[in-house]
Amino acid sequence: MTQADLVIRGGKVVAPDSVIEASVAIKDGLILAVGADSAMPPTKQTLDASGMHILPGAIDVHVHFRDPGYPHKEDFASGTIAAAFGGVTTVFDMPNTIPPVGTPELLAAKHRMAADKAHVDFGLYALLGEDTIQHATEFAKTAIGFKLYMGNTFGAIPTPDTGAMLEAFEVVAPTGKRVSLHAETNSIMVRRELRMREAGRIDPLAHIASRPAVVAVEAVSRAAILSEWTGCRVHILHISSAEELRPLREAKARGVDITGETCPQYLFLSTDDYARFGGVIRVNPPVRERRNQEPLFAALADGTVDLVATDHAPHSVEEKTRNDIWTVDCGFPGVETQMPMMLTEVAAGRYSVSDYVRWSAASPAKIWGLYPRKGVIQPGSEADIAVVDLDREWTIDDARLQSLSKITPFHGRRVQGLPVHTLVRGRFVMKDRVLQPGTRGHGRSVHAIQQMPAAAPKNTDNTMSAIVGAGSPAGREHAA
Ligand SMILES: [Zn+2]
């Protein structure tokens, strides 16, 4: 009989449709068996998980680890350590670094850097901007997907206009990869912010006033139309309002391959918190009125919103506590607090722990072509596991975050549920709340195991490259 490297005994294994008392055997980084303890193979090592739940590690498809460019905010080592302490075993990192990930050479350099530093597995987004469309096919070979900024945020990445977006979608569609969208319409926000500044507003609520929900409604609607026209897969990042659920829902009903995420800040914070937190709460899109929270939870429950991510966006305390809201950096850390905050609602009976693993692990794995290699605990899957104490009550303390960013509006929040051990491909990265030595560089890029189903590009007789004859001299003449 094959000998396992590790058997996790006595816990409850959580899947999107079940919670079963079972032991889990791991060998060579993969799940070897899940079942009755008596059926487990002999093993070198055992972990007693009595009283614990065994969850597939969370896949956070939206983090900013600031590397390269902002070592005082975060780097790939500190960010992935924070992930491990949050029960997160795979992260997808955004491209708004210095420099932005806008050429194949820069993407390759970031792969080398991340492979050297990462404690958990990762995917890297490539930047899809007006001046990077020509690299899209090359990017698709090693990027987990693309990031396109429809609206300006931290990093001041230029936002492509609608024509450039259409062309970008046409080029990406045949690659099968997904374009993740910061779906806020820049031109609306620029005018609004100017008006607010002219009026002398520098208070935190001026930020939300400059970005009303219509910026997201308009952007999601437009992105859905361009996705539908081209067949390019898209993902709507950080859904913040009830209003943008309607264009998302309608596009899904039409068969558009569009997915969406929301984040704890939109589920658990509201405009009621602006006075207390000041600039700390400044994030894009903004934290909105409390009335948005219930529809967002309902949208998770009915599948309109597919998953929970964090938009982990670390900054220094000084950068978050300036008096003039327009000078406060946008975002705050979240990768290590998401799981406890979401599990607190499981304890409160709002949804089940199975619902949670669907939103945090199974759905992201499916949407980015990693399932069932990741996102589920079953034989043959990679042993990415969070062993969680669902009963443990504790208080989030920003001074104790693993992230270099020690300031969050979740500070002081009472939560129930704590990741006690985190394994990435069968190896303990965090054990008994202690980082395990030698795990730097254990993380690897998941693009090699990504399998996106065949794409279905549409209206291909009419793409920009078709019109100009794929760049031929005759074609260029024709286009002129
Ligand atoms: Zn972001």
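User: Which residues does D93 touch, not counting residues up to four places away in sequence?

Analyst: Happy to start there. In this predicted model, D93 touches V63, H64, F65, F76, K110, G123, L124 and Y125. D93 itself lies in strand β7, residues 88–93.

User: Why is D93 called buried?

Analyst: The relative accessible area of D93 is 0%. Buried means under 20%, so D93 qualifies.

User: What makes the pair of D93 and K110 a polar contact?

Analyst: Their side chains come to 2.5 Å, and the cut-off for N or O atoms is 3.5 Å, so the pair counts as a polar contact. The side chain of D93 also reaches a backbone atom, the nitrogen of F65, at 2.7 Å.

User: Now the charged pairs. Why is the pair of D5 and K44 called a salt bridge?

Analyst: A side-chain nitrogen of Lys or Arg has to be within 4 Å of a carboxyl oxygen of Asp or Glu. For D5 and K44 the closest N and O atoms are 3.2 Å apart, so the rule is met. D5 belongs to strand β1 (residues 4–15) and K44 to strand β4 (residues 43–48), so this salt bridge ties together parts that are 39 residues apart in sequence.

User: Are D5 and K44 buried or exposed, and how do you know?

Analyst: D5 has 22% relative accessibility and counts as partly exposed, because buried would need a value under 20%. K44, at 61%, counts as exposed, because the bar for that class is over 50%.

User: What is the setting of the salt bridge between E198 and R195?

Analyst: Both residues lie in helix α5 (residues 186–198), 3 residues apart, which is about one turn of the helix. Their side chains meet at 3.4 Å, N to O. E198 is exposed at 56%, while R195 is partly exposed at 45%.

User: How do you class R373 and E382 by accessibility?

Analyst: E382 has 4% relative accessibility, so with the limit at under 20% it counts as buried. R373, at 34%, is partly exposed. The two side chains meet in a salt bridge at 2.8 Å, N to O. They also belong to a network of salt bridges that links D121, R373, K374, E382, D384 and R425.

User: How many salt bridges does the rule give?

Analyst: The count comes to 33 salt bridges.

User: How many salt bridges are there between domain 1 and domain 2?

Analyst: The count there is 0. For orientation, the domain assignment gives domain 1 as 4–51 and domain 2 as 57–375 + 390–416 + 442–449. Across their interface the rule does find 2 residue pairs in polar contact. On the domain 1 side, β1 and β2 (18–27) each supply at least two of the residues that touch domain 2. By class, that side has 5 nonpolar, 1 polar and 1 charged residues.

User: What area do domain 1 and domain 2 bury between them, and which three residues of domain 1 supply more of its part than any other three?

Analyst: About 470 Å² is buried between the two domains, 66% of it on carbon and sulfur atoms. V14, P16 and L30 supply 77% of the area that domain 1 buries against domain 2.

User: How far apart are the C-alpha centres of domain 1 and domain 2, and how many residues does the contact take from each?

Analyst: The C-alpha centres lie 33 Å apart. The contact takes 7 residues from domain 1 and 6 residues from domain 2.

Methods:
Residues numbered from 1 in each chain as written. Predicted model: local features only at pLDDT ≥ 70, side-chain atom pairs only at ≥ 80, totals over all residues. Heavy atoms only, no water. Helix = DSSP H or I, 4+ residues; strand = E, 2+ residues; numbered from the N terminus. Buried < 20%, exposed > 50% of the residue type's maximum accessible area, 1.4 Å probe, protein only. Domains from an automatic or database assignment. Contact = heavy atoms within 4.5 Å. Buried area = accessible area lost by both parts, 1.4 Å probe. Polar contact = N/O pair within 3.5 Å; in protein donor to acceptor, adjacent residues only side chain to side chain. Nonpolar A, V, L, I, M, F, W, Y, C, P; charged D, E, K, R; others polar.
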